[in-house]
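Student: Could we go through this structure together, one question at a time?
Tutor: Gladly! Have a look first, and then ask away.

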Amino acid sequence: MFRIFSIVTLSATFVFIYLSLKKENISLGSLYKSFLNEVKNSFAGLKPGSDGSLKNSIRNLLIYLCLCLILLLALTAYIPTLVAGEHMSGLLLTAHVKSALFFVVLFAAVMIVWSNSYRFNRSDFDILNSAGIKNIKKSSEFWVKISFWTAVLFGIPAICSIILMLYPIFAADGMVYLLDLHKYTSLFLFISVIFHTYFLIISRSN
Amino acid sequence: MVINFYYSHKVFSLAVFILLSSAVISAQDYKIGDISDGSRAIPLHKIKLFDHDSLIILEGDDPQLPLSTKNTCGDCHSYDKISEGFHFNASDSGSADGRRGEPWIYLDWQRLTLLPVSFRNWRGAFNPIDVGIAPMRFLDLFGTHYTGGGFAEKEEIQSPENFFRWEISGKLEVNCLLCHDASEKFDPNEHALQISRQNYKWAASASSEIAAVKGNAKKMPDNFDLYNPNTFVDLDLRSTSPPGVSFGKAIFDEKNRVFFNISKSAGNLRCYYCHSSIQAENEPGSHWNRSEDVHMAGGMDCIDCHKNGVDHKIIRGYNKEGTGKQDIINSYTCEGCHLGNEDIYSYGNNHGAPRPAHKGLPPIHFEKLECTLCHSGKLPGSKTEYLKTSRAHKLGLPRSSKQGDAFPHIQSPVYFKNEHDKLEPRNLITPSFWAVRDSSSIKPIVGGAVYDSLSSLITLDTLLNYGKWHSVSDSAIIGALKFLSKKSSSDSVYLFVSGGKTYELNEEGGLKIGESGISENYSWAIGHDVRPASQSLGSGGCGDCHSFSSNFFFGDVVMESSLKSESDTLIAMTEFSGYNTLYQKAFSFSFFFRPWLKALLIISFSIILLVFLIHTARAIIFLMNKSSDNL
């Protein structure tokens, strides 16, 4: 059930994103190059005496690292479950568990650093009430915020379920339920992050 | 009109006749004692005795003849159906052999031979007939713990040179009383004794309380005839006598019937005669640490789980033994009783089986591990220990060795992946034997003049090697192989198999070492003794398995070899379980930091939650203010 559901939702997400980016004449290659440039610039900004702001560099690096980690988490989770139809085990499980810890720590840092920037304001409410909300290009900043908080909303149960599984609190049936909760909320977390990234790209291209 | 009535009446009569006949025929498929009418009471068994010629045994018979279970019990119970049961059907070509189980172990330590044999088609076990162990020889070796029936009744597989011996001894029928005679005076040792004397048809009578058997068929001449004293006139009757039975006084009632204390099961102690095992310990008093299986200690009987119908195809209780989801056999596995088989019992809990909580155990463990891994057998130590079993070590017999290191050496526990890709605990033996390879196959040698001469070629140091499997130098093996090769034809090559390897002569006259399927170790799954939950693997936390010094992953398995250069090799458990040692070490090492990592995780999550709640609170306040402004 989870396998089919996740394949369908992820496929729909990727198709939508690809077609939308194509409509905006944004290629995946150019995206990848600009991402690498931004990462390089952020690392460069860390060096003392550089032109860029240290604070901005750290802020950007946090979110880029977070993105990389969530991609790694998704790959290690979905390759065995979606492709092979098996549960995670072995090296993939080890990689997933280790990177998940770093992800949670970075996620907490991102929340501290970025949450204020993503607060809703009056102009967001005006967009909400207007017809302009349907125009993604015009309302991209609003959607960036929505997707950020959606990711946080799904991230909380995704992390909480794993923490509860680490202790002998729940019996086998409860552990299965927590695992299912983690699977589905992580899926929606991943989709939210994909959309967050997409809306960020659209808003920067504006 | 009249003609129509006549023909319709005929047709109707014919139909009634066919229906009645089929009812009678199907009724004849089962006898009166085969199917229960629902009463839980056991009918009193005061029955007539019949001998092997289906003649009734009377109190005044002279000579008295032993009872035949086939004809006595078979009067009310379908003996043919029963003899297809799992205890008796090993030699049947169509029998379902199921999961590999404990083999019979042919042991001849003077010739460095330890060979697993079985009539079942189990990988790694050799068919006794194929290796030259005729049925009568098989009974000499293993009959003390054999129930009777099967090959012991089949004329077609018996060796022609033993024809006269079988005529004297009679067939060894299924001894129903072994499992169903609940009398405290039933003696399975008598059954064993009579089989060792080749008094096959007397074995059932001797084991029961109703008769005493004396004499020795093994010492009778080939032309022995019980009714013709001239055939045993040369015997010294002071030292031996023909086999004979005498029934107890006053066991026959006025109707020539005898009372048997029959029960569906004679109790766990009877099953233990053949199915006991003990982790061998040499220290006095160490058996005090040995607890009974938790199910038995809880008052259960073996047959509460190991059920069977009239066909006696006894349930063995392992995972996926049943052929389909609906198969009621699946209700009598660990999962079936403790968790329920959703298609038959929606709630499980047969016999009040507690539903396990397994708190905090990630579900992946249930996919990778069998229940027995954590709950059965002995907890893993730094290296495997010897196990003794009833059938391998003749436990329960008057002169069985009480030494913990008596041969054969069975290593336990060893963890393997089974055919369902799940880890399970097993017992392991390391076969050691001489073999011959021709163009098509490799065949062990366990008999014949060539084999017998091997003991003179191999000098064993029984003093220094006391308790240890004997090992010899490479030169002794080379010498023996050279001797054997002189006896061989041009196509045959003699080799020696031991310690998981094959040894044969190379062109330079040295040893060529190899590995092949035939040199594989033989292992079988452990089901009992089940430990209570507080003693299961993992009851002490994740570190029971996932620690740097865990015996579960990193314990050693002692690989015995008959070659001094290879003897007592220690092999890591991960070699058998199929896990990568380095990866498991790294994974286990991460558990060292687990408490701190959990703390870091909780702190980070708390920050995320706190920031989220703060912003949510601010949003709620904003919305409340906005709505009040609008008002």
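Student: Which helices of chain A each supply at least two residues of the lining of the second largest pocket?
Tutor: Good place to begin, and keep in mind that this is a predicted model. The second largest pocket holds about 1300 Å³ of space, and its lining has 43 residues. The helices of chain A that each give at least two of these residues are helix 1 (2–23), helix 2 (28–46), helix 3 (54–84), helix 4, helix 6 and helix 7.

Student: And which residues lie nearest the centre of that second largest pocket?
Tutor: Let's start with the kinds of residue in the lining: 33 are nonpolar, seven are polar and three are charged. Nearest the centre of the second largest pocket you will find Phe35(A), Leu67(A), Thr197(A), Tyr198(A) and Ile201(A).

Student: Now for the two chains. How much area is buried between chain A and chain B?
Tutor: The size of an interface is often given as the accessible area lost when the parts come together. Here, 38 residues of chain A are in contact with 33 residues of chain B. Carbon and sulfur atoms give 77% of the buried area, and its total is about 3100 Å².

Student: Which three residues supply more than any other three of the area that chain A buries against chain B?
Tutor: Together, these three supply 17% of the area chain A buries against chain B. They are Leu101(A), Ile156(A) and Leu166(A).

Student: Which side chains meet in a salt bridge across the interface?
Tutor: There are eight residue pairs in polar contact between the chains, and the rule finds one salt bridge across the interface. Its nitrogen-to-oxygen distance is 3.9 Å, and the cut-off is 4 Å, so the pair counts. The partners are Arg355(B) and Asp173(A).

Student: Which helix gives the largest share of the side of chain A that touches chain B?
Tutor: Four helices of chain A each supply at least two residues of that side: helix 4 (90–114), helix 5 (122–129), helix 6 (140–165) and helix 7 (172–205). By kind, the residues of this side are 28 nonpolar, six polar and four charged. The largest share is 11 residues, and it comes from helix 4 of chain A.

Student: Last one! What is the volume of the largest cavity?
Tutor: The structure holds four cavities of 30 Å³ or more. The largest is lined by 13 residues, with Thr69(B), Glu173(B), Tyr200(B), Lys201(B) and Ala204(B) nearest its centre. That lining divides into six nonpolar, four polar and three charged residues. The volume of the largest cavity is about 60 Å³.

Technical notes. Residues are numbered from 1 along each chain as its sequence is written. Chains are lettered from A and ligands numbered from 1 in the order in which they are written. This is a predicted model: local features need pLDDT of at least 70, side-chain atom pairs count only at pLDDT 80 or more; totals for chains, interfaces and linings use all residues. Side-chain values use heavy atoms; hydrogens and water are left out. Contact means heavy atoms within 4.5 Å. Buried area is the accessible area (1.4 Å probe) that two parts lose on being put together, summed over both. A polar contact is a pair of N or O atoms within 3.5 Å; within protein, one must be able to donate a hydrogen and the other to accept it, and residues adjacent in sequence count only if both atoms are side-chain atoms. Ala, Val, Leu, Ile, Met, Phe, Trp, Tyr, Cys and Pro count as nonpolar, Asp, Glu, Lys and Arg as charged, and the others, Gly among them, as polar. On a 1 Å grid over the protein atoms alone, a cavity is a set of points where a 1.4 Å probe fits but cannot get out, and a pocket is an open set with protein on both sides within 12 Å along at least five of seven lines; lining residues have an atom within 4 Å of a point. Grid points are joined across faces, edges and corners, and a volume is the space filled by probe spheres set on the points.
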